[in-house]
Amino acid sequence: MTTPILINKSALRRAVLLWTTVFPLITLVLALTGPVIGDWPLIARTFVLTLIVVPLLNFWIMPRLLARFGRWVEAV
């Protein structure tokens with residue numbers, strides 16, 4: 001007998017919100033920094049990318065998105 005897997009709607013909605021934010025942000029940062037760091041080694045490009053994206057998401061973008069969409073994210 002198998003046990004059903006319960007999906008937490010709140011966690012799923014938070015993941016959707018995060019992904020729909022991360023994907024365009026990474027694309028934008030790569031487009032803007034690509035001409036400068038395009039020839040750098042992968043680890044250096046990844047370092048610069050995360051150095052820009054993570055603080056933007058953590059301190060500026062996600063708090064605003066959660067303020068706006070928090071009710072939807074937490075809705076049952």
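# Walking along two helices, starting at glutamate 74

Let's start with glutamate 74, which lies in helix 2. Keep in mind that everything here comes from a predicted model. Glutamate 74 has a relative accessible area of 46%, so it counts as partly exposed. Which residues does glutamate 74 contact, once neighbours within four places in sequence are set aside? The answer is Ser10 and Arg14.

Take those two partners in turn. With serine 10, the side chain of glutamate 74 makes a polar contact of 3.2 Å. With arginine 14, the side chain of glutamate 74 forms a salt bridge, at 2.3 Å from N to O. That pair ties together distant parts of the chain, as arginine 14 sits in helix 1 and glutamate 74 in helix 2, 60 residues apart. Side chains of opposite charge can pair when their charged atoms come close. Arginine 14 is partly exposed too, because its relative accessible area is 37%. The salt bridge count for the model comes to 1. For another view of the spacing here, look at glutamate 74 and alanine 15: they are 59 residues apart in sequence, and their C-alpha atoms are 12 Å apart in space.

Now step back to arginine 13, also a helix 1 residue. Is arginine 13 buried or exposed? Arginine 13 is buried, and yet it has no salt bridge. The nearest side chain of opposite charge belongs to our starting residue, glutamate 74, and it is 8.4 Å away. A salt bridge needs a nitrogen-to-oxygen distance within 4 Å, so at 8.4 Å arginine 13 and glutamate 74 don't make one. What arginine 13 does contact, leaving out neighbours within four places in sequence, is Trp72, Val73 and Ala75.

Trp72 also brings us to the surface. Together with Ile5, Ile7, Leu12, Val16 and Phe69, Trp72 makes a nonpolar surface patch of about 640 Å². Where do the patch residues come from? Helix 1, spanning 9-37, and helix 2, spanning 42-74, each supply at least two of them. Leucine 12 is one of the patch residues, and it is found in helix 1. Its relative accessibility is 48%, so leucine 12 counts as partly exposed.

Next, move along to threonine 21, still in helix 1. Threonine 21 counts as buried because its relative accessibility is 11%. What does the polar part of its side chain find there? One of its polar atoms lies 2.8 Å from the backbone oxygen of leucine 17. Beyond residues up to four places away in sequence, threonine 21 touches Leu57, Ile61, Met62 and Leu65.

Ile61 is worth following from the other side. Isoleucine 61 has its place in helix 2, and at 16% relative accessibility it is buried. Not counting residues up to four places away in sequence, isoleucine 61 touches Thr21, Leu25 and Leu56. So how far is isoleucine 61 from valine 22, C-alpha to C-alpha? The two are 39 residues apart along the chain, and their C-alpha atoms are separated by 9.8 Å.

Finally, have a look at arginine 68, another residue placed in helix 2. Is arginine 68 buried or exposed? Its relative accessible area is 68%, so arginine 68 is exposed. Arginine 13, by contrast, is buried. Take arginine 68 and threonine 33 as a last pair: they are 35 residues apart along the chain, and 29 Å separates their C-alpha atoms.

Technical notes:
Residues are numbered from 1 along each chain as its sequence is written. This is a predicted model: local features need pLDDT of at least 70, side-chain atom pairs count only at pLDDT 80 or more; totals for chains, interfaces and linings use all residues. Side-chain values use heavy atoms; hydrogens and water are left out. Patches are made of residues with over 30% relative accessible area and no salt bridge: like charges are joined within 9 Å, nonpolar side chains (Val, Leu, Ile, Met, Phe, Trp, Tyr) within 5 Å. Accessible areas come from the Shrake-Rupley method with a 1.4 Å probe; for residues, only the protein chains shown count as cover. Helices (H or I, at least four residues) and strands (E, at least two) are DSSP runs, numbered from the N terminus. Buried means under 20% relative accessible area, exposed over 50%, partly exposed in between (1.4 Å probe, protein chains only). Lys and Arg count as positive and Asp and Glu as negative; His and the chain ends are not counted. Contact means heavy atoms within 4.5 Å. A polar contact is a pair of N or O atoms within 3.5 Å; within protein, one must be able to donate a hydrogen and the other to accept it, and residues adjacent in sequence count only if both atoms are side-chain atoms.
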